[in-house]
Amino acid sequence: MLSPALAGNALRTNQFTATTASDAALWQKQARQKLFELMMGGAKPARLPLDAKILQRIESPTNRYVMEQLSLQSLPDRRVHAWLAVPKQPTGKVGGVLALHGHGGTGSQVVRGESLYGYGRALAEMAYLVISPDIGQHELQHTNWTLMGERTWDALRCLDYLETRPEVDLARLAVAGLSLGGETTMYVAAMDERIQAACSSGWLTTIANMKKGHCPCWNFPGLEANFDFSDVFACIAPRLLVLEVGEKERAPGGFPVDIARGAFAEIRSAYRVFGAETNAILDVHPGGHVFHGELFWPPLQQKIGAARRAAVNPSAPDTEPPKPSLK
Ligand SMILES: [Zn+2]
């Protein structure tokens with residue numbers, strides 16, 4: 001008899017099973033297309049002119065970067081609101097990082113390093129050009145889309161915007177996020193090959209586990225018939241991927257470490273097909289639902305360069321957040 005987990009797996013018609021790098025790359029291409037179809041109204045949307053409007057510019061808390069508030073055209077009838085952290089006096093082109101918040105957070109909190117989002121400020125202090133959109137919460141604008149589709153498309157449009165900034169080296173793009181931001185990080189890195197490095201924190205789990213009491217905004221028709229999250233992560237191989245899970249995770253529906261380890265074994269097998277196992281890193285840290293960074297900053301800096309070394313610890317490792325940001 002199949003265990004419940006394996007019974008769930010049996011439903012995945014697009015499970016990653018490739019055994020050669022060329023088959024894996026072909027599978028990834030088809031999986032990306034399927035994700036766009038399922039999440040974004042049937043097909044990958046057209047990229048409209050961004051019509052970027054800078055709304056204000058202000059100093060960062062440490063005077064080391066400037067924060068710009070801006071608005072971008074995401075779809076013909078939708079704009080995305082975001083914040084940038086722009087390094088002062090960079091010595092050359094810099095890496096660009098999309099930094100994503102969790103449930104109830106804002107892009108403003110990320111670039112300031114407030115609440116659970118110290119990593120936004122940490123990245124800005126490392127002199128990356130950071131962009132952080134307000135990820136949609138629970139209001140779906142287009143009824144033939146999905147919430148994760150609208151959230152992910154808005155984030156991808158922020159990468160399009162980084163392409164217009166002369167400060168950014170387009171070969172050096174990364175994404176990082178906690179919780180809902182870790183989930184959106186998974187989709188952004190899976191679906192957009194411009195991303196060279198990703199850190200998905202407080203998110204690694206299975207669909208079966210997410211059904212145990214978590215708010216259902218992760219789900220959409222066709223997802224579990226095709227994929228589990230490990231398959232979506234497999235689209236990122238062989239690029240750098242760091243996955244963080246806290247031993248004290250308490251979010252409802254939870255992100256138990258044993259389930260994360262099982263999902264990671266599947267992801268690592270996809271990296272193995274590319275001969276790139278060391279590019280997939282699991283960080284089981286002693287904290288709760290927080291961004292850790294410790295195993296992400298060094299390979300990130302190696303991959304996309306850094307004008308300054310990591311100096312800010314985004315969270316004390318044994319600090320519980322005031323409340324779980326995924327609810
Ligand atoms: Zn939700």
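What follows is a chat between a biologist and a modeller about this predicted model.

Biologist: Let's get the overall inventory out of the way. How many helices and strands does the chain come to?
Modeller: The chain has 327 residues, and buried ones make up 49% of them. Among contacts between residues at least 6 apart in sequence, 71% join residues at least 24 apart. As for secondary structure, the count is eleven helices and nine strands.

Biologist: Okay, the sheet next. In what order do the nine strands line up?
Modeller: The sheet is open, and its pairing is mixed. Its edges are strand 1 (53-59) and strand 9 (280-285), each pairing on one side only. From one strand to the next the twist averages 20 degrees. Reading across, the order is 1-2-3-5-4-6-7-8-9.

Biologist: Start at the strand 1 edge, then. Which residue of strand 2 is the bridge partner of Ile54?
Modeller: Strand 1 and strand 2 run antiparallel and are joined by six bridges. They form a hairpin with five residues between them, and Asn63 in that turn has a positive phi of about 65 degrees. Across the pairing, Ile54 has as its partner Leu70.

Biologist: And one strand further in, which residue of strand 3 stands opposite Glu68?
Modeller: Strand 2 carries on into strand 3 through a hairpin of two residues. The two strands pair in the antiparallel sense over ten bridges. Opposite Glu68 in strand 3 you'll find Leu84.

Biologist: What about strand 7 and strand 8: is their pairing parallel or antiparallel?
Modeller: Look for strand 7 at residues 195-201 and strand 8 at residues 240-246, with five bridges between them. One place to check is Ala198, which stands opposite Leu241 in strand 8. The sense of the pairing is parallel.

Biologist: Now the helices. At what angle do helix 5 and helix 6 pack?
Modeller: Helix 5 covers residues 147-164 and helix 6 covers residues 180-191, with their axes 10 Å apart. The crossing is right-handed. Met148, Arg151, Thr152, Ala155 and Leu156 of helix 5 meet Thr184, Tyr187, Val188 and Met191 of helix 6; by class that is six nonpolar, two polar and one charged residues. The axes make an angle of about 60 degrees, so the two helices are oblique.

Biologist: Helix 2 touches helix 6 as well. Which residues of helix 6 make that contact?
Modeller: The axes of helix 2 (residues 21-39) and helix 6 come within 9 Å and cross at roughly 125 degrees, so this pair is oblique too. Helix 2 brings Arg32, Leu35 and Phe36. The contact has five nonpolar, no polar and one charged residues. On the helix 6 side it is made by Tyr187, Ala190 and Met191.

Biologist: How do those helices sit on the sheet? Which strands does helix 6 lie across?
Modeller: Helix 5 lies across strand 2, strand 3, strand 4, strand 5 and strand 6, and runs at about 150 degrees to strand 5. Helix 6 runs at about 145 degrees to strand 6. The strands under helix 6 are strand 4, strand 6 and strand 7.

Biologist: Let me pick on Ala197. How far is Ala197 from Leu300 in space?
Modeller: Ala197 is found in strand 7. It counts as buried because 25 other C-beta atoms lie within 10 Å, where 20 would do. Beyond its neighbours within four places in sequence, its contacts are Ala174, Arg239, Leu240, Leu300, Lys303 and Ile304. Ala197 and Leu300 are 103 residues apart in sequence, yet from C-alpha to C-alpha the gap is 6.5 Å.

Biologist: Any backbone oddities before I set up a run? Which peptide bond is cis?
Modeller: Look in the loop between helix 9 (229-234) and strand 8, where Pro238 lies. Omega there is near 5 degrees, and the bond runs from Ala237 to Pro238.

Biologist: Asp51 and Ala127 both caught my eye. Is Ala127 buried or exposed?
Modeller: Asp51, in the loop between helix 2 and strand 1, has a positive phi of about 45 degrees without being a glycine; with 9 other C-beta atoms within 10 Å, Asp51 is exposed. Ala127 isn't a glycine either, and has a positive phi of about 70 degrees. Ala127 lies in the loop between helix 4 (118-125) and strand 5. With 23 other C-beta atoms within 10 Å, Ala127 is buried.

Methods. Residues numbered from 1 in each chain as written. Predicted model: local features only at pLDDT ≥ 70, side-chain atom pairs only at ≥ 80, totals over all residues. Axes fitted to C-alpha atoms, helices over the stretch in contact; angles between N-to-C directions. Helix = DSSP H or I, 4+ residues; strand = E, 2+ residues; numbered from the N terminus. Parallel < 35°, antiparallel > 145°, perpendicular 65-115°, else oblique. Left-handed = near helix turned anticlockwise from the far one by under 90°. Contact = placed C-beta atoms within 7 Å. Nonpolar A, V, L, I, M, F, W, Y, C, P; charged D, E, K, R; others polar. Pairing = 2+ DSSP bridges. Buried ≥ 20, exposed ≤ 12 C-beta atoms within 10 Å, placed from the backbone.
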